Amino acid sequence: MNAEGIELSAEVATALAQGQPVVALESTVIAHGLPYPVNVETALAMEAEVRAGGAVPATVGVVGGRVVVGMDKCLIMQFGESACCDTPSAEGDVSPNKQTVAKLGARDLAAAVALGWDGATTVGATARVAALAGIEVMATGGIGGVHRGAAQSWDISSDLTALARYPVLVVCAGAKAILDIPATLEWLETHGVPVVGWQCAEFPAFYTARSGRRLGFTFECLDDLARLWQVERAWGGGGVVVVQPPPEEVPGVEVAIEAALSRAEALGIRGASVTPYLLAQVSSLTDGKSLDANVKLLKRNAQTAAKIACAIASKKR
Ligand code: PSU
Ligand code: MN
């Protein structure tokens, strides 16, 4: 235990103590982002990619009020199976009280600890925990962002505030096109979060490589990225977003997204349920093509995160 309420697995604790590279992985994608059993397979495959890349994976989740950093296979399966209880009700409600495994943002962590809940951590919550545990790199699919229509709904993912606050380098395929990508990039700029491309010059839109938004910086070499991180850390900066395009595109996804958004609107889906609802809808409207692409990019982001974690660790030696 190196921070109040945070429990590191033996493997993660040893790796951190020895300065070995560690990559944190979120668990909301397991419990709320992907259907069972693809979710369990993908979570384990991401861990395998991290290991193959020479780093130690640390999947984060809250179990009976314990913030576990380095969930074992048993816990990952338990979180994955809980997705079966996600009754896709009309409200698509994933609010904590209705779920066996709640969806927890950074602000929800302490309440879940105090009340002894089970909960999956979002990108933002995972970043908070990783920073507390001393893990510098994490991988996910796409970060949350400013939702379309946010000018009315004020729906801006707490992933963004967490990224501005907690010092973690997050590898992702940009932000999903279900979001308002230009507004998301504006938010990150305003709050001083560096967004850089790993071997790409355009901000990816998760299901596609192109969003029409050029990045300020493209990195081609791991050592340069590690240097960026080293400088940000030395200067007391917050998170850094590293984007790379998805390995496979989903053609025609925009039509599915529009349809999913109007269904969500018609059903009055709000709050934490919005993202899981839209993901499930887009997946069914694309006959699982978006799901396939989602799984592939998650694995590739885990691979890249492992390489970056190794480059950062070797700079410290
Ligand atoms: N990216 C994915 N699948 C997901 C998510 C992101 O490919 O399930 C999840 C992440 O956990 C992210 C969360 O932190 O959605 C954002 O939710 P919200 O928009 O409610 O902040
Ligand atoms: Mn939201």
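Two strands are taken to pair if DSSP finds at least two bridges between them. In this predicted model, strand S2 (residues 22-25) meets that condition with strand S7 (residues 137-139), to which S2 is joined by 3 bridges in a parallel arrangement. Within this pairing, Val137 of S7 is the bridge partner of Val23. Strand S3 (residues 56-63) also pairs with S2, again in the parallel sense, and here 4 bridges are found; in S3, the residue that stands opposite Val23 is Pro57.

In a regular strand, the side chains alternate between the two faces of the sheet. On S2, Val22 and Ala24 lie on one side, whereas Val23 and Leu25 lie on the other, and since all four residues named here are buried, both faces of the strand are covered.

The surroundings of ligand 1 comprise 20 residues, among which Thr28, Gly33, Gly141, Gly144 and Ser157 come nearest. By class, this shell divides into 13 polar, 5 nonpolar and 2 charged residues. At least two residues of the shell are supplied by each of helix H2 (28-33), helix H6 (123-133), helix H8 (158-165) and helix H12 (274-285), and the greatest contribution, 4 residues, is that of H2.

Ser314 is part of helix H13 (residues 289-316). This serine is classed as partly exposed because 14 other C-beta atoms lie within 10 Å, a count that falls between the limit of 12 or fewer for an exposed residue and that of 20 or more for a buried one. Between the C-alpha atoms of Ser314 and Gly252, residues that are 62 positions apart along the chain, the separation is 42 Å.

Notes
Residues numbered from 1 in each chain as written. Chains lettered and ligands numbered in written order. Predicted model: local features only at pLDDT ≥ 70, side-chain atom pairs only at ≥ 80, totals over all residues. Near = placed C-beta within 6 Å. Nonpolar A, V, L, I, M, F, W, Y, C, P; charged D, E, K, R; others polar.
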